[in-house]
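Biologist: Please take a close look at one aromatic pair in this model and set it in its surroundings. What lies around it, and how does the rest of the chain compare in general terms?

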Amino acid sequence: MGLDRICLFILRDKITGLEEARSYPKGDWKDINKFPEIARMLLDKLEGRLEAPKVTAPPEELDNEIRIAPTEDLPDSVEPPGPPKTDASFHIEIKTHTATPMAESSVPRTKSEIEERTVVMTPNDEKTVVQPRNELDEKQSSKVNQLVEVEAVPQETPFGQSVANEPTQMIQITPTTAGPTTYAKIELEGKSEQTEGLSLQGLLANKRKLSFILIAGFLVLFILFAPAEKKPEKQIPFKVTMPAPKEKSDPQKSSQLYVSALKFYNEDTVEGYKKAAGILLESVANDSDNVKALCLLASAYMHLIDVVDRDENYFNVVTRLIELERAKNVNLPETVVADVELYLILGNPDAAMSRIVEFTKNRTFGVEMFYYLALSFFHKGMHPDALKYLNNIDPKDYFSPRIHYLYGQIYYHSRQLENAVSSLESAIQKSPKHIKARVLLADTYFKKDSYEKVVEHSSFVIQNKALASNEEEARSYYLRARSYILLNKLVEAHSDLQKAHKLSPDDQDILLEFYTLKARVGEQVGEAASRARMFSQIAVGERALREGRLKDAKVAFLSARNIQGDDPTPLLRLAEVFKRTGEAAEARAAYEKAVKLGSSSRIDFYPKYIHALVDAYEFEEAQRQIEIFKGLRPPTYAIDKIYGDFYLRQEKLREAHGYYKRALSATNVDSGVYNSYAKIMFKTGSFREAAFYYGLARRFDPFNPDATIGIGKSLAELEGVERGVGYLSSELATNPNKAALFNGIAEIYVRKGDYETAVKFANNALAVDPKYAQSLKTRGDAFAAQERYKEALEEYQRYADAAPLDPNGNIERYKIFMRRLNLKDAKDEIQKVIKNYPRFPGAYYMLGELFREAQNWQGALQAADREIQNNPLFAPAYVLGGTVFNANREYTRALEYLNKALRVDPSYVPALIQAGFANQMLKTYAAAKSMYERALAQDPGNPKIHKHLGVLLFELGDRAKAAEYLKNYIDLFPDAPDRAEVERKLQGL
């Protein structure tokens, strides 16, 4: 291989100096930099002096000459390299290899894969030849550490100490594949400097340029097979893993690896965090007591939250790393970084600020503390305070482009667009692949009417979508589309809006632009004239919908429907209007018609129809539609989410939990899944987990009121009312959903029994927003708990009127009327629920209970049978039927119902009691005794069970045991209406 062609490979980053090479075919494998001519070209490339030679091979051929191969089957070691050879022909082999995730390292490779491990570059033929592995030099059997001299420049860090004071150190580099990216294990020979206090600034704080560049080791060569603008870079899937401690600890190597990771960590990019995580993983593996590496490993993982699978493993690893860090009980800046970033991810900037203040009480305020305090104020929406603390950092101490990015965010939200542009441009100048800065810069340029710049930065994100989150990609398509519109590139804009809409189908900004543009470019994109008119009306309706003019929106969507009756789009938008006006049946009907009209695109709106069915408690039809939807092969997480919603609506928490848990693993899952999962955690008493997942919901939807209130409620359970109320009170300053937050505080007080205070905060909510219906229910709950039934009934009625889609107002009124034995009014309330939601779980059961109380046995039995028809797995309905037959002395028929109830739930106490009674009446005493004892095991404090057992044992002649159970009955139920009768029986015993 001639030097000219090697020069081209270096210029095109196909050879980076991170490879090993040998003279073909018998030379020893060694660092490619041991070839002096190649080393010189690599240095010239780094210093910008390398010029392209003239070659005959076309560029596309060069693109394909070197391929990436895995490393699992590479030799574990190589022999020490011999003296450098300077064969003028440079007839060499270059070995490239990539790392794979640890979890996949043991997967066997096929023979064909093994044979594609070595690239052979020959001098005479201008092609790449693959050398099969079984022909490789078998003498590669011992590991060697290669030595490279590097000048160590003193580094002043934000943590107050320098990295090194010695002019030159020897660095040993060995390959490792412990993560999804490649990195070097670095060892400093000779005396090692203390690394205590090394900052995030790391090696980036140099005040002069490094005079020599470290190039060595077995590292990954990521190769793009086509220009970036045509084919986005594809990355190996990244999985977070826990460190695997090595048998022999090596604190020195651990510290050196930590230092080497800082460069990548401080890039503040997806690629940088992945590389840093790989090195930090190895650092902790070498020394599990390296708290700094442990903390920054957790931090690196947290920075990747938008682009990795957020499955259970991800959260377990992150939280476990934080727990390990805290267990070390060491207070370093890095521990603050890890804690603060976790608090910010969980939407708790107050806790983040408290952590910083606590740490700095007896310490000098370091650069990194100013940054994180500014970041915490930014997350609270307090931009002037954020800017004040950020200004305390001297520009010479900027350790990462994340400082420029934070400035850009502050200026953007403060409408200082020129300053925002300057800061964001500085961020991408330091880290060209800083995707978040690119997206915000595109947004800022759009506000400045610099549309070509918008296209430039949006296009970069789109071309590097592997480094972007789903939201960032959608936003980039949207911004580029709007710029194309203003640049009169309407067809291109239409294509971008289609992609943005697919990525974020419910974004109203995207919808409005999409429908407006479709009306303009109908003919250019193959639409009929009538469809263009239809989209024009839809755009009018969409604008009205955004502005809350529901009547106008409805008129416009109906007009669109009349123009193009065979298109499902107007029906989908009409359904949205019906949902907002509380017309559930009409919304459901519109979705159903849209599904029937839809072609292959129906996969996009089947979930809306299914959710409408679930919301209406039409579970049987919803199940049928889910099966149809599954046949269209949607993403797995979409099915999991729908099933989670399906079971949660039925209060089947265990089933819902399983499906939500699987849905959470998707990177583009919406915040609603986190909310629902957290709700299950809260309902089951797992308050810490609930706070965690509510926090994650806020991470992806900062002003989500349900998530914010959920955190407050969880904190109230974990740390007391004052803590939960304090959290929500602090949110009132910046969160726009003030009525919801006031009501959230009221709900905490209701839960804790402080009903008067609860009413005051519910009143505050209504003062902020008189239409906030939930506060009416909260007031009703507070009044009902105080047995102020008249006021409670009034509040529940107001709530039922204000929130017609929620049957709970009527159900609460039913409960009060039943408690007061006002059966007529109770019947009216439950029949309202049945009228609106014929399949509401438990509605017919409640009607049957009412009939049973009125001793209308036929009505009670009919209601029980209707409930069973609607909900075959609803055990109380079977018990109601059994109770009716027991009351009418038809014990055999009673057992038919009760046995079915026990098949549904073998431990359901009411079923066991009634089955025991039926068997007792049938004189099958052994079965009766067994049923009562099973019931008692489940509910030992239930006085009725003790009474039944006492009576049964009396009949069986066991007077001593009978007396014991009857006495227990009196002790457990001293106000029992039949106490006198039981006491007489006891005296006779």
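**An aromatic pair and its surroundings**

Modeller: Phe-315 and Phe-692 are both buried (under 20% relative accessible area, with exposed over 50% and partly exposed in between, using a 1.4 Å probe and protein chains only). This is a predicted model, in which local features need pLDDT of at least 70 and side-chain atom pairs count only at pLDDT 80 or more, while totals for chains, interfaces and linings use all residues. Residues are numbered from 1 along each chain as its sequence is written, and side-chain values use heavy atoms, with hydrogens and water left out.

Rings of Phe, Tyr and Trp (its six-membered ring) pair if their centres lie within 6.5 Å, with planes under 30 degrees apart stacked, over 60 edge-to-face and the rest tilted; the count by this rule is 35 aromatic pairs. For Phe-315 and Phe-692, the ring centres are 5.4 Å apart and the planes stand at 85°, so the pair is edge-to-face. Distant parts of the chain are linked here, since Phe-315 belongs to helix α8 and Phe-692 to helix α29 (residues 687-700), 377 residues apart. Helices are DSSP runs of H or I with at least four residues, strands are runs of E with at least two, and both are numbered from the N terminus. Phe-646 and Tyr-647 give another edge-to-face pair, because their ring centres are 5.1 Å apart and their planes are at 80°. Phe-646 and Tyr-647 are buried, and they belong to one aromatic cluster with Tyr-617, Phe-619, Tyr-643, Tyr-659, Tyr-837 and Phe-840.

Phe-315 also appears among the contacts of Leu-696 (heavy atoms within 4.5 Å): neighbours within four places in sequence aside, Leu-696 meets Ile-305, Phe-315, Ile-345, Leu-346 and Tyr-674. Leu-696 is one of the residues with the most contacts inside the largest nonpolar core, which has 246 residues; the others are Tyr-301, Tyr-371, Leu-390 and Tyr-693. Such a core is a set of buried Ala, Val, Leu, Ile, Met, Phe, Trp, Tyr and Cys residues joined through side-chain atoms within 4.5 Å. A second, separate core of eleven residues includes Cys-7, Ala-21, Ile-32 and Ile-38.

Tyr-301 leads to helix α7, where it is one of the buried residues, together with Leu-294, Leu-297 and Met-302 among others. Twelve of the 13 residues of α7 are buried, so the rest of the structure largely encloses this helix. Its cover includes α5 (251-265), α6 (270-286), α8 (312-327) and α9 (333-345). The 13 residues of α7 (residues 291-303) should span 18 Å at 1.5 Å a residue, and the end C-alpha atoms are 18 Å apart, which agrees; the expected span is 1.5 Å times one less than the number of residues.

At the end of α29, the charged end of Arg-699 sits over the ring of Phe-700, 5.3 Å from its centre. That term requires NZ of Lys or CZ of Arg within 6 Å of the ring centre and within 35 degrees of the ring normal.

For the whole protein chain, there are 46 helices and eight strands. Of its 989 residues, 53% are buried. Among contacts between residues at least 6 apart in sequence, 61% join residues at least 24 apart.
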